[in-house]
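Subject: Structure handover

Hello,

Here is the structure for you to load. My notes on it come right after.

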Amino acid sequence: MPSRTSVFTWAFFLWTALVAPVWAQDSVRIFSFADYADLILKYHPVVRQADLIPADARTELLQARGMFDPKLTSDFSRKEYKDKEYYNHWENTLKIPTWTGIDLKAGYDRNTGPYINPQYYTPDAGLVYAGLSVPLAQGLLIDARRSTLQQAKLLQNIAEADRQKVINKTMYDAAKTYWDWYFAYQQFRFTADGLNLADIRYRAVKQRVEIGDLAAIDSVQAKITVQERLASYQAALLEFQNTRLGISNNLWNENNEPVELPENAIPGGVTIPEPTQEQLDELLARASRQHPDLIKLDFKLRQLDIERRFRQNQLLPTVNVNYNFIREPVAIGKSYDAGWWLTNNYKVGAEVSFPLFLRKERGKLQQVRIKQADTQFDQQQTRRLITITVRQVFNEARALQQQAETQGQATANQLLLVRAEQQKFDIGESTLFLVNTQESKLIDMQIKTESLRAKYAKAWANSLYAAGGNPQQ
């Protein structure tokens with residue numbers, strides 16, 4: 001018959017070893033948060049979807065650049081009535097917009113027929129021309145094309161900020177899921193250890209009751225402890241299984257196929273450093289420098305400034321002058337005096353217009369200025385809110401870290417009490433009820449310690465997210 005001391009010493013050794021759960025042996029694989037985050041950044045559909053945001057912005061830029069594309073047009077018309085030819089019109093134009101606002105133009109016209117308007121008459125060979133149109137007031141410094149292109153370029157930065165915001169949110173949600181899984185695993189581990197120890201103790205007590213060393217009621221008490229811990233174990237197992245599914249929900253492969261978390265995978269530990277004032281200063285600087293919301297507002301203000309300059313330019317009168325030299329096509333083997341067409345063969349014109357009240361233009365300008373003021377107020381409020389939020393969540397992380405450290409010390413002291421109570425029981429100075437009570441309290445304290453550590457990890461992830469980063473950074 002095993003001695004009373006040897007049975008409980010052996011059981012206590014199993015319990016205090018705090019090894020992996022009963023089902024996890026040498027085959028377990030540590031699935032660290034770094035590995036988890038790396039898989040999400042590579043293959044998660046939402047992250048891949050976020051990559052489409054800058055791609056869409058690039059299409060906007062391509063469309064804006066298209067406003068500077070050269071344009072080739074050709075127009076032909078002919079009229080014939082009752083077997084009588086009236087005219088033939090053939091006009092061909094190549095127009096090249098430039099960044100300076102000057103439009104270059106070249107073309108070829110051939111207009112013939114007895115009833116053609118004299119001003120459109122050309123020689124039988126037609127006329128070629130080349131020239132330019134220059135804005136002298138409105139459109140000289142900025143016009144609709146340049147305004148649209150400049151704003152489209154800034155849209156690339158806004159799109160990148162939107163992309164980063166989506167990725168940060170995805171990573172933050174994934175981090176919370178991971179640390180929920182971590183806590184569920186730790187809770188399952190401790191309840192499994194507690195159940196295993198209670199079962200060993202129950203079998204030992206039952207043997208001693210059978211030989212008359214203990215009263216029968218002691219086996220009932222030991223059995224109740226087993227049943228209570230079995231209920232806790234079953235609840236912890238359910239939570240662990242559900243959080244595993246939550247982890248699997250975020251796992252995908254390179255072929256955009258969902259994958260399952262391996263059955264033998266267990267989470268890594270919490271290795272986040274203690275929050276310090278230097279870390280808080282760095283988070284605040286990072287938030288001011290790279291928070292997606294602040295980046296978006298900054299580039300929106302730049303876009304509005306471009307729009308303001310364009311609308312101010314619209315208050316100027318329209319004064320466009322154009323010049324085109326004209327000549328017959330050069331025949332093969334025939335030369336021309338270059339200066340001749342510059343002085344004798346040309347077409348010149350000017351266009352001047354100016355709205356008398358400028359109500360439309362002034363209204364547009366005032367509207368842009370209102371949007372600027374609104375965005376500036378939004379920027380100030382957002383910056384203040386981000387600063388306060390970073391401080392709040394950082395304080396929460398620091399408090400949880402301190403609580404976890406304190407709770408860990410209390411748990412270590414509780415372990416000493418359990419050992420002392422076990423020793424007293426071994427020499428007959430304590431009862432099974434007191435041993436079970438102290439042991440159950442220790443298990444609860446161990447679970448609470450891990451709960452605080454998991455909350456601390458999530459709070460730290462929240463600190464990084466509030467500063468505009470993601471938990472992997």
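Below are notes on one helix contact and on the salt bridges.

First, a caveat: this is a predicted model.

Helix contact

Start with α7 and α8. Helix α7 covers residues 277–290, and helix α8 covers residues 292–313. Their axes come within 6 Å. The crossing angle is roughly 35°. On the α7 side, the contact is made by A287, S288, R289 and Q290. On the α8 side, the partners are P292, L294 and I295. By type, the residues of this contact split into four nonpolar, two polar and one charged.

Salt bridges

How many salt bridges does the structure hold? The count is 24. As background, side chains of opposite charge can pair when their charged atoms come close. Three pairs are described here, followed by a network.

D180 with K458. The closest N and O atoms of this salt bridge are 2.8 Å apart. The pair links distant parts of the chain, with the two positions 278 residues apart in numbering. D180 sits in helix α5, residues 144–210. K458 sits in helix α11, residues 432–466. Are these two side chains buried or exposed? D180 has 34% relative accessibility, so it counts as partly exposed. K458 has 23%, so it is also classed as partly exposed. For reference, buried would mean under 20% and exposed over 50%.

R302 with D298. Here the closest N and O atoms are 3.2 Å apart. Both residues lie in helix α8. They are four residues apart, about one turn of the helix. R302 has a relative accessible area of 42% and is therefore partly exposed. D298, at 27%, is partly exposed too.

R309 with D305. This salt bridge also lies in helix α8. The N to O distance is 3.9 Å. Again the spacing is four residues, about one turn of the helix. R309 is at 33% relative accessibility, which means it counts as partly exposed. D305 has a relative accessible area of 29% and is partly exposed.

The network

Which residues are joined into one network by salt bridges that share partners? They are K95, D103, D143, R145 and R146.

To recap on α8: this helix meets α7 through P292, L294 and I295. Helix α8 also holds the R302 and D298 pair, as well as the R309 and D305 pair.

Best wishes

Key
Residues numbered from 1 in each chain as written. Predicted model: local features only at pLDDT ≥ 70, side-chain atom pairs only at ≥ 80, totals over all residues. Heavy atoms only, no water. Axes fitted to C-alpha atoms, helices over the stretch in contact; angles between N-to-C directions. Contact = heavy atoms within 4.5 Å. Nonpolar A, V, L, I, M, F, W, Y, C, P; charged D, E, K, R; others polar. Salt bridge = Lys/Arg side-chain N within 4 Å of Asp/Glu carboxyl O. Buried < 20%, exposed > 50% of the residue type's maximum accessible area, 1.4 Å probe, protein only.
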